[in-house]
Amino acid sequence: MAAVAQKLTPIPNLERISERVIRILGCNSRPMTLQGTNTYLVGTGSKRILIDTGDPGVPDYIKNLKKALKDFQTSIQEIVITHHHVDHVGGVQDVCCNLLQSSDLNVSKFCRPEGNKEYDIGFPYNFVDDNTVFKTDGATLRAIFTPGHSDDHMVLFLEEENAVFSGDTILGETTAMFNDLHTYMASLNRILQLNPSVIYPSHGPVIPNPTEKVTNYINHRLARERQIEEQLGEDPNTWLTSRELVERIYVGLADGLKNAANTNVCQHLQKLVKDGKVESMEKDGTQLWKKKCQSNM
Ligand SMILES: [Zn+2]
């Protein structure tokens, strides 16, 4: 999922983007998925690893994936899922019934925290631990726990290319959504520490300058936080809703993207409350926010 609309770089339905990586577009473009979900076939042999499967019920995607397997004379060894959102895991059953000879295929992912529902793929997942390695001819992929966009998020480090499949943590265009800002920032730093040469994101084009991109993401969040503080500081005695802050900060944002912007603003506000800079109260079922008074000033 992405946050802001802009003119997007076209992505072909099927493209070999490196010696061992083929990108197949999920054909599920909408504001929150940008050009659609990028799925990746990784390896060089007669069986390869598929990262993510796009949305359910997209015949064009299955057609393109079939073509990729035929063109490169390969089949699917196993599926690895970056996180539980439907535009990543939703296509598993379509892939399984249309493209597999046998049904005993591993679909691996990180388990969500207890009490959180997994997307139902009709058979059990193979839940893996942080740093699990997936191997196939020509490719070694290490699973790295990077929550923040979602509570189960995985990025995959491709050793042979010093590349990172970043899932929805870093996108090729625009900025990402997150459900927990604190863990999200830690995950951005974890990706930065891998010092990758290239990032293959789940949405948008290949990122050739990972360090610059990830640093921009971190700076963008810090700048957003400052903007929120500034808005609240303009009239320190007024309580504002997060929606009012969205209107002031995201000037000209399309209506369809305002909920996403609001989610991000709420995350920042909660972090600022934790930091002791903002206070919050509920009035008539609406959460209100205001800059915290400095009592000893
Ligand atoms: Zn996504």
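**Figure 1. Asn 195 sits in the loop between α4 (181–194) and β12 (198–201).** Helices (H or I, at least four residues) and strands (E, at least two) are DSSP runs, numbered from the N terminus. This is a predicted model, where local features need pLDDT of at least 70, side-chain atom pairs count only at pLDDT 80 or more, and totals for chains, interfaces and linings use all residues. Residues are numbered from 1 along each chain as its sequence is written. Most residues other than glycine have a negative phi. Asn 195 is not a glycine, yet its phi is positive, about 50°. Is Asn 195 buried or exposed? Asn 195 counts as exposed because it has 11 C-beta neighbours inside 10 Å. (Buried means 20 or more other C-beta atoms within 10 Å of the residue's own, exposed means 12 or fewer, and partly exposed is in between; C-beta atoms are placed from the backbone.)

**Figure 2. Asp 284 lies in the loop between β13 (278–283) and β14 (286–291).** Asp 284 also has a positive phi, near 50°, and is a residue other than glycine. Asp 284 has 5 C-beta neighbours inside 10 Å, so it counts as exposed.

**Figure 3. Helix α5 (residues 210–234) crosses helix α6 (residues 242–249) at roughly 110°.** Their axes come within 11 Å. Axes are lines fitted to C-alpha atoms, for helices over the stretch in contact, and angles run from 0 to 180 degrees between N-to-C directions. The crossing makes α5 roughly perpendicular to α6. (Under 35 degrees is roughly parallel, over 145 roughly antiparallel, 65 to 115 roughly perpendicular, and the rest oblique.) Which residues meet? From α5 come Gln 227, Ile 228 and Gln 231; from α6 come Leu 245, Arg 248 and Ile 249. Two residues are in contact if their C-beta atoms, placed from the backbone, lie within 7 Å. The residues of this contact are 3 nonpolar, 2 polar and 1 charged. (Ala, Val, Leu, Ile, Met, Phe, Trp, Tyr, Cys and Pro count as nonpolar; Asp, Glu, Lys and Arg as charged; the others, Gly among them, as polar.)

**Figure 4. Domain 1 (14–208) touches domain 2 (219–291).** The bounds come from an automatic or database domain assignment. The C-alpha centres of the two domains lie 32 Å apart. Domain 1 gives 8 residues to the contact, and domain 2 gives 10. On the side of domain 1 that touches domain 2, 6 residues are nonpolar, 2 are polar and none are charged.
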